[in-house]
Amino acid sequence: MQTPYPLTAIVGMADLRLALLVNAVSPEVGGVLVRGEKGTAKSTAVRALAAVLPDVRVVTGCRFNCDPGAPDPRCPDGPHTQSSGTARPTRMVELPVGASEDRVVGSLDIERALAEGVKAFEPGLLADAHRGILYVDEVNLLHDHVIDLLLDAAAMGASYVEREGVSVRHAARFLLVGTMNPEEGELRPQLLDRFGLTVEVSASREPDERVEVVRRRLAYDAEPASFAAHWADEEARLRERIAAARSLLPEVVLGDGVLRQIAATCAAFEVDGMRADIVMARTAKALAAWAGRTEVLREDVRTAALLALPHRRRRNPFDAPGLDEDKLDETLEQYDEPEEPQQAGQPEQDGAPGDPGDDGTDDDPDPDGPGDGGGGGGTPPGATGPDGGGPPPPPGRSEDAPPPEAESDAPGIPAQSPPPAGGAAEQPAVRAGEPFRARLLTVPGLGEGAAGRRSRAITEQGRTTGARQPRGALTKLHLAATVRAAAPHQRARGRTGAGLKVRREDLRQAVREGREGNLVLFVVDASGSMAARRRMGAVKGAVLSLLLDAYQRRDKVGLVTFRAAAADVALPPTSSVDAAATRLDALPTGGRTPLAAGLLRAHEVLRVERLRDPARRPLMVVVTDGRATGGADPLGRAGRAAGLFAADGTASVVVDCETGPVRLGLAGRLAGQLGGAAVSLAELRADALAGLVRDVRGAARAPGGAAAPPPRVPGGAGPRSPQAPTTEGAAGADRIRTDGRAA
């Protein structure tokens with residue numbers, strides 16, 4: 001087994017180490033979510049934590065790691081008698097991204113349960129992690145239902161497994177640590193709130209610190225055992241300090257004045273719910289115990305706020321986590337009640353109370369030791385710096401001076417407004433309009449992609465629609481189908497009693513239908529015909545609304561833009577909807593309209609993505625007015641490019657951005673060539689569709705029993721074609737399929 005990198009040898013990362021140590025002192029804080037760019041020692045720090053935690057005693061032979069001093073009375077391996085047990089190091093269990101629900105919570109032997117009536121339970125990772133650390137790398141890539149299982153177990157301290165009326169419950173108390181790179185996608189705010197603390201980490205920009213990081217890493221890679229031995233004394237002191245803080249924690253007093261500071265801070269920052277108040281209180285107590293005090297001080301509350309509140313202030317997926325430290329100081333000052341700290345029979349620790357690098361000694365001469373993280377990392381949370389909690393500055397935006405209206409770039413078509421000077425000048429980026437709740441766009445048919453919330457698919461979660469023989473391990477038993485399969489063979493198998501004789505070949509897997517996430521590829525026209533400021537702002541607002549919808553439905557997104565003479569992949573397919581919103585915000589406009597180039601580039605992106613993830617079905621959203629210029633026969637080339645998508649069966653939607661009294665219906669024509677549907681910007685709004693449904697129903701009930709005239713394609717381009725969108729009744733009025741049929 002490889003020697004872990006010592007926690008005390010990590011350079012900098014003061015906030016990260018402090019958050020981990022606070023949870024080590026008080027696991028009730030609720031775990032840590034570590035957010036940061038790649039290569040910032042997130043995983044290294046988490047793995048190093050287990051080595052400094054005190055050993056635990058477990059009941060000998062118990063698969064659920066029960067405490068011999070207070071065994072779980074409902075342990076499946078129990079009941080346990082009082083014993084001294086055996087001591088072992090604190091265990092760190094890693095949860096892989098592709099772990100199934102059964103691997104996480106455990107599984108039952110369904111065959112034995114049916115035939116013998118016994119609970120043959122195989123523990124999962126939650127049982128392994130009991131009284132230890134559960135580490136989830138890339139937690140943002142886990143399926144939502146698996147994350148919910150983890151967070152529910154962490155909150156309740158127990159795991160429940162229910163399979164066809166057979167129930168198993170066991171204790172599951174652990175320190176939950178998750179790491180994630182925001183570039184690969186965000187967690188929902190509801191899930192973020194379930195993590196006690198969140199820390200933002202980034203690589204140091206100081207050359208001296210970076211040199212020290214490289215020097216120590218090379219020394220560790222060359223001789224891991226020797227490197228760990230060099231830091232063994234520091235690790236031992238840190239371990240002793242954790243044990244002392246745990247012992248002191250029950251004696252820490254949380255006064256009414258401190259509670260008022262905590263409540264006022266959470267109220268001032270408009271944090272939803274009461275979980276933030278509770279987490280702040282527990283964190284402040286742990287910080288006081290870590291500093292060797294029995295009384296919580298103002299600096300403990302401030303540090304607790306910087307660790308517990310930034311991620312709880314997100315109101316939508318595109319809000320950056322952060323906290324206004326000036327406002328925090330004003331709130332604490334307003335409710336400050338100075339009190340003398342009461343010591344706990346031990347000398348005052350050197351350094352700031354929130355300094356994770358302080359090893360509890362007064363004479364550490366080594367400037368590279370853990371006192372400052374080995375590289376100037378001793379700055380406590382709340383200090384100015386990349387992890388200080390302040391929100392990042394918003395991306396640069398242009399001034400709001402209106403540019404000249406764009407000239408129509410379709411040959412032979414009158415201009416809707418005067419042309420800009422030069423005809424192809426690039427216009428600065430335009431602020432996106434206000435987002436709205438978008439209609440649901442779905443891919444027709446039944447997929448088998450990753451779980452999500454958009455299109456119909458065969459999934460592990462959802463309503464049962466049938467049964468089949470299991471292709472691997474049985475996960476969801478279809479009881480009725482299993483009984484039907486076993487019943488004809490009971491006499492041949494010698495059944496004499498009441499028990500059903502079930503064999504492996506009788507078992508049937510439940511087939512469940514739920515929803516999947518799709519790849520939503522946005523193809524956005526940024527040419528001169530779209531450059532009118534009011535129109536481009538509305539277009540960006542519509543795309544931003546669809547991005548929000550994609551975030552909520554667990555889709556991957558990509559962004560292709562076309563303007564001037566070429567098309568660019570502004571964002572390859574990714575789970576980070578935030579990145580797509582950032583690229584959209586900075587999108588310039590102007591120039592000709594190479595529609596064919598945009599479609600061909602999108603076709604290539606989807607071709608490559610099908611090779612990488614063949615189970616994820618694509619949905620292409622083309623945002624354009626349908627015009628095409630540049631080269632010979634631009635509209636004909638665009639039509640031929642669109643035919644590639646129709647031949648592949650790619651689900652497509654064209655968002656018609658054409659405005660003004662003269663409308664050519666080119667976007668509707670493009671939708672027909674793609675084999676998809678066309679909707680206008682106004683019809684993207686979910687709240688606008690109810691009126692459209694009423695109009696269609698009213699037309700269907702024409703007076704005198706006469707047949708109603710056919711509804712028209714959005715935009716007034718003529719009678720509805722088989723490819724044009726239709727809508728459901730009131731229950732599904734905000735849903736549209738991309739093949740023209742009701743979802």
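Student: About how much area does the protein expose, and what percentage of it do carbon and sulfur atoms supply?
Tutor: This is a predicted model, in which local features need pLDDT of at least 70 and side-chain atom pairs count only at pLDDT 80 or more, whereas totals for chains, interfaces and linings use all residues. Residues are numbered from 1 along each chain as its sequence is written, and side-chain values use heavy atoms, with hydrogens and water left out. Accessible areas come from the Shrake-Rupley method with a 1.4 Å probe, and for residues only the protein chains shown count as cover. On that basis the protein exposes about 32,800 Å², and the share supplied by carbon and sulfur atoms is 52%.

Student: What percentage of the 743 residues in the protein is buried?
Tutor: A residue is called buried under 20% relative accessible area, exposed over 50%, and partly exposed in between (1.4 Å probe, protein chains only). Of the 743 residues in the protein, the buried ones make up 51%.

Student: How many helices and strands are there in the protein?
Tutor: Both are DSSP runs numbered from the N terminus, where a helix (H or I) has at least four residues and a strand (E) at least two. Counted in this way, the protein has 21 helices and 22 strands.

Student: Which helix gives the largest share of the largest nonpolar core?
Tutor: A nonpolar core is a set of buried Ala, Val, Leu, Ile, Met, Phe, Trp, Tyr and Cys residues joined through side-chain atoms within 4.5 Å. The largest one has 64 residues, and those with the most contacts inside it include Leu7, Leu197 and Met280. Its largest share, 10 residues spanning part of 275-290, comes from helix H12.

Student: Which residues does Met280 touch, not counting residues up to four places away in sequence?
Tutor: Contact here means heavy atoms within 4.5 Å, and Met280 is among the residues with the most contacts inside the largest core. Leaving out residues up to four places away in sequence, Met280 touches Ile262, Thr265, Cys266, Val301, Ala304, Ala305, Ala308 and Leu309.

Student: Why is Cys62 not bonded to the closest cysteine sulfur, and in which residue does that sulfur lie?
Tutor: A disulfide is a pair of cysteine sulfur atoms within 2.5 Å, and the structure holds zero of them. Cys66, buried at 3% relative accessibility, is in no disulfide, with the sulfur of Cys75 3.6 Å away. Cys62 is likewise buried, at 9%, and has no such bond because its sulfur is 3.7 Å, too far, from the closest cysteine sulfur, in Cys75.

Student: With which side chain does the side chain of Glu325 make a polar contact?
Tutor: Glu325 is found in helix H14 (residues 325-334) and is buried, with a relative accessible area of 17%. A polar contact is a pair of N or O atoms within 3.5 Å; within protein, one must be able to donate a hydrogen and the other to accept it, and residues adjacent in sequence count only if both atoms are side-chain atoms. The contact, at 3.0 Å, is made with the side chain of Arg302.

Student: Is Arg131 buried or partly exposed?
Tutor: Arg131 lies in the loop between helix H5 (125-128) and strand S7 (133-136), and its phi, near 70°, is positive in a residue other than glycine. At 22% relative accessibility, Arg131 counts as partly exposed.
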